[in-house]
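User: Could you take a close look at the side-chain contacts here, meaning the cysteines and the aromatic rings? I'd like one connected walk-through rather than a list.

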Amino acid sequence: KNIALFHHLHTEGGGADILGRAFEALFRRNVRKCDRVVAVSVFWKEYLHGLGLGDIRVIRNGLDPSQFEFRSEEVRAFRGKYGLSDSPIVYIGNCRRDKGVAEAYGALKDQGFQLVTSGKPEFDLPCRNLDLPYEEYLLLLKASSVAVTMSKFREGWCRTAQEAMMCRTPVIGSGAGGMAELLEGGGQAICSDFCELADLVKDTMKRRKERGEEGYRFASAFTLERFEREWLALIQEVVNDDSRPH
């Protein structure tokens, strides 16, 4: 028996190559043979309905809340280790072109913020990039005053935004794809134009604590325990379903 987990189709923002388009064609042709189809957001559930699929389940990404509990001493030590000053950090995303990092840097470079990217850089930007193990990456999100997730492609859900919200760090994002329901559900800001980004960052900083708490309340509902429970229930349902021939 087969379950298809549908995260997103990376066919926008420069993410589509020949192999990717070939995979998409194979997916469209074969997904109807699966016993169940799971999407990570309502946006992609509706997309799959548009392909003529019926019963689409939504199971959102789950995170372990204990991984996001940091003491102020740990944040200070992280700043010191990487030479980050006490001025506000604005995290502008994984250093990839399709994540909108270059445009975000251009919009914020003269605003007096410490701009930081993460991951193995796809290209060079004149700001700090930190390629970190996961726990320190979360410390970077915790130390940031604002997290910016201006993806140019349709995200499945946007794990980075969810992680920042779990750190009680407010998020400003493009809302592309399933990201919109995450940001809207958590009372975070959606930016549809890079020209508006600087003003949104400044406004968000004024209400950082309020926005951070609102984001945490929403994101913290999607725990790893809930994720496991929903997946195990679905698998048991499929195992017990003899309605489809194999």
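Analyst: Let's start with the cysteines. A disulfide here is a pair of cysteine sulfur atoms within 2.5 Å. Keep in mind that this is a predicted model. With that cut-off, a search of the whole structure turns up zero disulfides.

Why does Cys-158 have no bond to another cysteine sulfur? Its closest cysteine sulfur belongs to Cys-167 and is 13 Å away, which is too far for a bond. Cys-158 is also buried, at a relative accessible area of 3%. Cys-195 tells a similar story on distance: the closest cysteine sulfur, in Cys-191, lies 8.8 Å away, again too far for a bond. Here, though, the residue is exposed, since Cys-195 has a relative accessible area of 69% and the exposed class begins over 50%.

Now to the rings. The structure holds 11 aromatic pairs. One of them is Tyr-91 with Tyr-137: the ring centres are 6.3 Å apart and the planes sit at 70 degrees, so this pair counts as edge-to-face. The cut-off behind that label is a plane angle over 60 degrees. This contact links distant parts of the chain, with Tyr-91 in strand 4 (residues 89-94) and Tyr-137 in helix 5 (residues 134-143), 46 residues apart. Both partners are tucked away: Tyr-91 is buried with a relative accessible area of 1%, and Tyr-137 is buried with 11%.

Tyr-137 has another ring partner, Tyr-134. Their centres are 5.9 Å apart and their planes are at 35 degrees, so the pair is tilted. In other words, the angle falls between the stacked limit of 30 degrees and the edge-to-face limit of 60. Unlike the link to strand 4, this one stays inside helix 5, where Tyr-134 and Tyr-137 are three residues apart, about one turn of the helix. Tyr-134 is partly exposed, with a relative accessible area of 31%, whereas Tyr-137 is buried.

Elsewhere, Phe-6, Phe-27, Phe-43, Trp-44 and Tyr-47 come together as one aromatic cluster.

Rings also pick up charged neighbours. Arg-97 places its charged end over the ring of Phe-123, 4.3 Å from the ring centre. Arg-168 does likewise with Tyr-216, its charged end sitting over the ring at 3.7 Å from the centre.

Conventions. Residues numbered from 1 in each chain as written. Predicted model: local features only at pLDDT ≥ 70, side-chain atom pairs only at ≥ 80, totals over all residues. Heavy atoms only, no water. Buried < 20%, exposed > 50% of the residue type's maximum accessible area, 1.4 Å probe, protein only. Phe/Tyr/Trp six-rings, centres within 6.5 Å; stacked < 30°, edge-to-face > 60°. Helix = DSSP H or I, 4+ residues; strand = E, 2+ residues; numbered from the N terminus. Lys NZ or Arg CZ within 6 Å of the ring centre and 35° of its normal.
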